[in-house]
Amino acid sequence: MRKKKIDKMPARLDFLQSTTGLILAVFIMGHLLFEASILVSDEMMYRVTLMFEGYYFFGERYPGIVSFLAAAIGTIFVLHAGLAVRKFPASYREYKTITEHTKRMKHEDSSLWMIQVITGFMMFFIGSVHLYIMFSQPENIGPFASSYRVVDELMGPLYFMLLISVVSHAFIGLYRLAMKWGFMEGEDTKKSRTMFKFLMKSMIALYIIVGLSSLARYTYIGMHHDLSDGKRYESKTVQAGEH
Amino acid sequence: MSEEKNRVLTISILRFDPHDPDDFPHMESFEIEEAPGMTLFVALNEIREHHDNSLKFDFVCRAGICGSCSMLVNGRPTLACRTLTKKLDPHITLAPLPLFELIGDLSIYTGKWMRGLNERLETWIHDKESELNVDALEERMEPALADEIYELDRCVECGCCVAGCGTIQMRPNFTGAVGLNKVARYHLDPRDKRSDAEYYEMIGNEDGVFGCMTLLGCEDVCPKDLPLQSKIAYLRRMMVKTALKD
């Protein structure tokens with residue numbers, strides 16, 4: 001019999017959508033925690049900044065590393081967006097069908113998907129802004145520089161929206177990944193699903209609390225210091241110098 | 001003995017006869033007295049007997065076996081014969097399942113749709129007929145595998161998973177859980193000699209398993225509690241494996 005030639009693309013696209021989503025979700029989990037170092041102390045956040053600039057590895061600060069990371073994450077972000085947009089309602093008819101269906105069914109997982117579409121759509125725009133600024137101004141990260149961006153450069157409201165959308169999207173996405181691929185489903189899928197759903201909701205609550213607290217802290221610093229002349233945080237222990 | 005007063009149920013039904021050019025879809029409400037152990041099937045018969053004998057709805061077995069009486073109960077697809085009225089609020093809304101051809105009122109033609117699906121997916125054992133020896137004993141199968149296959153064979157094609165799936169509502173070309181469940185059933189069966197590539201050809205696309213958006217409506221409304229979530233995940237893994245292997 002002639003060996004059939006199959007079109008592997010649909011499988012690749014599906015797999016890639018899941019993998020890029022997984023990478024981004026794991027990245028966000030780390031990102032928000034590193035950023036929350038400001039809750040420990042200004043000094044702690046400063047040291048995390050130095051670490052990402054390679055200071056502890058090379059003895060010198062290279063903000064270019066942050067640019068590189070932003071570009072890499074940005075690429076995965078665009079790829080994921082492009083793959084995921086295939087699933088969006090493509091017309092008013094489709095949009096109306098799915099919203100009416102979800103409303104009628106009062107079904108949690110269908111509603112979760114709607115949240116994914118809405119938060120994903122939001123992030124096309126606000127996520128892009130954030131990623132580009134991180135790529136173009138990697139040196140402006142630090143206890144004072146970041147606070148200046150949040151308060152004086154009015155990024156606060158954007159970060160607020162980004163935080164809510166990215167945290168929901170990431171953890172709902174991870175839950176959906178587990179369902180989609182049967183990850184650790186065990187003998188009783190009802191049980192594992194309940195467990196994953198609980199985990200998802202707890203993580204969303206936790207990360208939103210941590211994220212909002214950090215954002216509040218940056219806002220507080222920004223409002224209580226005059227940073228308009230480009231004043232930088234000065235560490236009493238590490239003398240890494242200006243860029 | 002204290003006599004409890006029975007509730008009065010208000011049942012609103014979406015009525016429409018597509019064969020009557022003057023008719024249009026409209027809601028009609030009926031009030032009936034609830035009886036102990038009453039199912040929606042009993043309630044509907046009560047309405048037909050005492051209120052309106054033109055009401056159309058399907059039933060055969062009355063015991064959740066045939067899958068004929070599927071309908072939207074308060075917006076969710078389920079079998080009327082297995083729904084106890086005492087578990088619902090006194091105001092109940094009934095509508096026919098979407099997507100299927102409407103015969104009238106709550107009666108739908110699932111059979112036609114299911115037949116098309118079965119023909120498209122060729123839901124029967126594929127063997128090499130030329131090599132088939134009817135005198136030989138059939139190959140033995142592990143009891144656990146036989147159970148797993150039997151479990152999936154319990155599907156009654158009621159259409160609830162189709163009506164509960166947002167994806168197929170939006171994109172009617174999507175195979176849906178009923179079809180994917182059948183594909184999983186034959187994929188598991190060692191007597192079916194279709195190759196991985198042939199299976200991939202059938203459902204390795206966006207109308208097949210990769211079209212599934214994991215809304216899990218199918219899993220949550222299936223009146224037979226079939227492991228749809230788990231079997232769709234199984235097929236997704238198998239299809240990706242096939243694509244990555246060759």
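Start where the two chains meet: 31 residues of chain B are in contact with 29 residues of chain A, a contact being two residues whose C-beta atoms, placed from the backbone, lie within 7 Å. On the chain B side, the elements giving two or more residues are helix 5 (166-170), helix 7 (196-203), helix 8 (217-221) and helix 9 (228-245). Helix 9 of chain B supplies the largest share, nine residues. By type, that side of chain B divides into 13 nonpolar, ten polar and eight charged residues. Here Ala, Val, Leu, Ile, Met, Phe, Trp, Tyr, Cys and Pro count as nonpolar, Asp, Glu, Lys and Arg as charged, and the others, Gly among them, as polar. The helices and strands themselves are DSSP runs numbered from the N terminus, with H or I and at least four residues for a helix, and E and at least two for a strand.

Keep in mind that this is a predicted model, where local features need pLDDT of at least 70, side-chain atom pairs count only at pLDDT 80 or more, and totals for chains, interfaces and linings use all residues. Residues are numbered from 1 along each chain as its sequence is written, while chains are lettered from A and ligands numbered from 1 in the order in which they are written. The predictor gives the complex an ipTM of 0.93 and a pTM of 0.94. For chain B, the mean pLDDT (the predictor's confidence in each residue, from 0 to 100) is 94, and 98% of the residues reach 70 or more.

Now take chain A by itself. It has nine helices and zero strands, and its C-alpha trace spans about 70 × 45 × 40 Å along the principal axes. Of its 243 residues, 30% count as buried; a residue is buried if 20 or more other C-beta atoms lie within 10 Å of its own, exposed if 12 or fewer, and partly exposed in between, with C-beta atoms placed from the backbone. Among chain A contacts between residues at least 6 apart in sequence, 80% join residues at least 24 apart.

Helix 1 of chain A (residues 9-35) is a good one to trace. Its 27 residues reach 38 Å from first C-alpha to last, close to the 39 Å expected at 1.5 Å a residue, where the expected span is 1.5 Å times one less than the number of residues. The buried residues of helix 1 of chain A include A:F15, A:L24 and A:I28, and also A:D14 and A:E35. What covers the buried residues of this helix includes helix 4 (64-84), helix 8 and helix 9 (189-224) of chain A, together with helix 9 of chain B.

Helix 8 of chain A (residues 156-181) has 26 residues and reaches 37 Å, close to the expected 38 Å. After helix 8 of chain A comes A:G182, whose phi is positive, near 70°. Back in helix 8 of chain A you'll find A:G156. A:G156 is partly exposed, with 18 other C-beta atoms within 10 Å. Leaving aside neighbours within four places in sequence, A:G156 is in contact with A:V150, A:V151, A:L215 and A:T219. A:G156 and A:L215 are 59 residues apart along the chain, yet their C-alpha atoms are separated by 7.5 Å.

Chain B mixes nine helices with seven strands, and its C-alpha trace spans about 65 × 45 × 35 Å along the principal axes. Buried residues make up 41% of its 246 residues. The domain assignment, automatic or from a database, gives domain 1 (8-108) and domain 2 (122-245). Their C-alpha centres lie 31 Å apart, and 15 residues of domain 1 of chain B are in contact with 13 residues of domain 2 of chain B. On the domain 1 side, strand 3 (70-73) and strand 4 (76-79) of chain B each give two or more residues, and strand 4 gives the most, with four.

Finally, look inside. The largest nonpolar core, a set of buried Ala, Val, Leu, Ile, Met, Phe, Trp, Tyr and Cys residues joined through C-beta atoms within 7 Å, has 94 residues, and those with the most contacts inside it are B:C161, B:L235 and B:M239. Helix 8 of chain A gives the most to this core, with eleven residues. Domain 1 and domain 2 of chain B both give residues to this core, so it lies between them. As for B:L235, not counting residues up to four places away in sequence, it touches B:L180, B:V183, B:A184, B:H187, B:I203 and B:V209.
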